Structures are given as C-alpha cells and as structure tokens.
Amino acid sequence: MKTLSLSSPAKLNLSLKILSKREDGFHEIDTLMVKLPGLADQIEIGESSEFRFHCDDPSLPLGEENLIVKAVRAFETAAKTNALCSISLKKLIPHGAGLGGGSSNAAVTLLGLNQLFDFPLRTEELHGIAAKLGSDIPFFLTTGAARCTGRGEIVTAVPSPSALRVFLLKPSFSVATPEAYQRWQESHEIPSICYRVQNYSGVALENSLERPVFQKHRFLAEIKEWLLDRRETQAALMSGSGSTVFGVLKADADAETLAASARTELDPSLWHWTGFTEA
C-alpha cells in the first residue's frame, strides 16, 4: 500500500501591512512570507480501508474542526471521491504562534492526497480549495517566497531574500488571529516600543499587527525590545499575529547562549528555535 512521508514547514512574515478593513469582514493585507524548512511538522499519508487521523499532540482536536480533516473533506468534495486514507501528524511547530503550522498542515495534506489518488485535481483547483479553507493556506502550496495580497490568498512568487539566520522566541501563551485583526483599527502604539520599519538585507521588516497584539500582550513587546537590545541581533519582529517574535542573528551569534539568557532574563518557559529562512 502506498504511503507518503511529507514535510510541512513553518513560515515567517518578514513584512505584514494591513491596508484596510474589507466589507466581507476580512482585512486587505500585503505580506512577504518565507518558509522555515528546518522547522516542520511531519505528515504521513497512506492508503487505508477507512479514514483515520492521528496526531501526537493531545492538545489539538482530531475532529471535523481540525484543518487537516477539513482539507480531506474539501478534497473529497472537489475530487468526487472518498479519501480512504490514514493520516498521522507529528507536531513540531507550536500552534497559535504566528508560524502557520495549521495552514501548512492543510496545504501539505491537499498536495499529499492529490498525489496519493493519482492527481485528480489541477493546481488551480487545489488553490481554490485552499483559499476557502484559510487565508494562509495557498502560500504553502507554492515553493519559495511569496507576496500575498487580498486577505492573504492571492499568492505571487517573488525572488527569495538571502537566507536569514533567525532566532525565534515564543511564550507559553498563544494569540488568536481573528482577535488581533479585530483590534487593529482601534489600537495604539505603546510609547518607547519600536514599531518602525527595519530595513535589512533588502527587506523592509514591519508588522501592522504588532500594534494591537502588543497593546494586549505587553510581554511580546518586551521580548522584541530585548532582542533589539542584544548585540547578537540585527533586527527583530513579531511573525504574523504572534505569539512568536523573531530576531535576525549576526553571523557569529551563539543562539544557545542567547536562549539561555532569554530564559533567565525574561521567562524560564520560553520556547526557542534557531535556523535559516528558505533562500
């Protein structure tokens, strides 16, 4: 029986600009996204006599509300077939982190199902399914960096920026993306916190969601300021709607020492990861 082992990578928003509130309740955005190939969930999809889904993270729902299951149901409808398969998800990307883990899982599931069942759907059809499931999902159907516009579902390939060595910090709490967007229009900047555009390696690093998220979760602003003050970093930004904040590391930076300092000076329960963006 055929089995596929697939990598489901995280993403970073190197820039995220909110342009306006739309009549449909979403927001018009312009964002530059890159993948983190070294930080990825693992998905195994195989033929089976019935649909089964397993995840090694007990905190995630396994029912119809899970994005992987939603992707399976949408694929079945579009391909007019019963997707009899077994899907196993090994989680390494923290959820509620602004790293796109759930969106990546859904996109990779769509690609895997299409391969498992001998490509019944064209690329454009997969993109249409992905756009209906979630704004970030179409990005993960593509390779390389992309500029995503509309509510995020319009994906335009762009030359990948030079690989950045990044250092990620995430506290134990998550941030709900819908709430972050809902608070954007009425939010205000916190005095003394850096929101300005940071130009680094040809990329303008900025995030419109820092304003509403920092206003509610001041600790994330403190993480960003802490990273900006460190000699090891050249820039710092929140990814997506948080709660991950990342720093761009200098070539000689010792990431493990930086992580130890973060846990000592900020929060002993901080999660961290270091690696490179996709070039």
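Which side chains of strand β4 (residues 85-90) point to one face and are buried, and which point to the other? In this predicted model, the side chains alternate along the strand. C85, I87 and L89 are directed to one face and are buried, whereas S86, S88 and K90 are directed to the other face and are not buried.

Strand β4 has two pairing partners described here. Strand β2, which spans residues 27-47, pairs with β4 in the antiparallel sense over six bridges. Strand β3 (residues 52-55) runs parallel to β4 and is joined to β4 by four bridges. S88 of β4 can be placed with respect to both: E44 stands opposite S88, and H54 also stands opposite S88. Together with helix α1 (residues 67-79), strands β3 and β4 make a β-α-β unit. The unit is left-handed.

A further site is centred on T244, a residue of the loop between β10 (233-238) and β11 (245-249). T244 has a relative accessible area of 0% and is therefore buried, the cut-off being under 20%. Its side chain reaches the backbone oxygen of A97 at 2.9 Å. When neighbours within four places in sequence are left aside, T244 is in contact with A97 and L99, with L168, L169 and K170, and with L237, M238 and S239.

Aromatic pairs were searched for in the whole structure, and three were found. In one of them, the ring centres of F139 and F140 are 5.1 Å apart and the planes stand at 70 degrees, so the pair is classed as edge-to-face. Both F139 and F140 are buried. Another pair, formed by Y195 and F214, is tilted, with 6.0 Å from centre to centre and 50 degrees between the planes. This pair links distant parts of the chain, 19 residues apart: Y195 lies in the loop between α4 (177-182) and β8 (198-200), and F214 lies in helix α5 (residues 210-216). Y195 is buried at a relative accessible area of 15%, and F214 is buried at 0%.

Charged side chains are also placed over aromatic rings. K35 lies over the face of F139, at 3.8 Å from the ring centre. F139 thus has a place in two of the arrangements described, as the ring beneath K35 and as the partner of F140 in the edge-to-face pair. R151 lies over the face of F26, and the distance to the ring centre is 5.2 Å.

Methods. Residues are numbered from 1 along each chain as its sequence is written. This is a predicted model: local features need pLDDT of at least 70, side-chain atom pairs count only at pLDDT 80 or more; totals for chains, interfaces and linings use all residues. Side-chain values use heavy atoms; hydrogens and water are left out. Buried means under 20% relative accessible area, exposed over 50%, partly exposed in between (1.4 Å probe, protein chains only). Two strands pair if DSSP finds at least two bridges between them. A crossover is right-handed if, with the strands pointing away from the viewer, the path from the first strand over the helix to the second runs clockwise. A polar contact is a pair of N or O atoms within 3.5 Å; within protein, one must be able to donate a hydrogen and the other to accept it, and residues adjacent in sequence count only if both atoms are side-chain atoms. Contact means heavy atoms within 4.5 Å. Rings of Phe, Tyr and Trp (its six-membered ring) pair if their centres lie within 6.5 Å; planes under 30 degrees apart count as stacked, over 60 as edge-to-face and the rest as tilted. A charge sits over a ring if NZ of Lys or CZ of Arg is within 6 Å of the ring centre and within 35 degrees of the ring normal.
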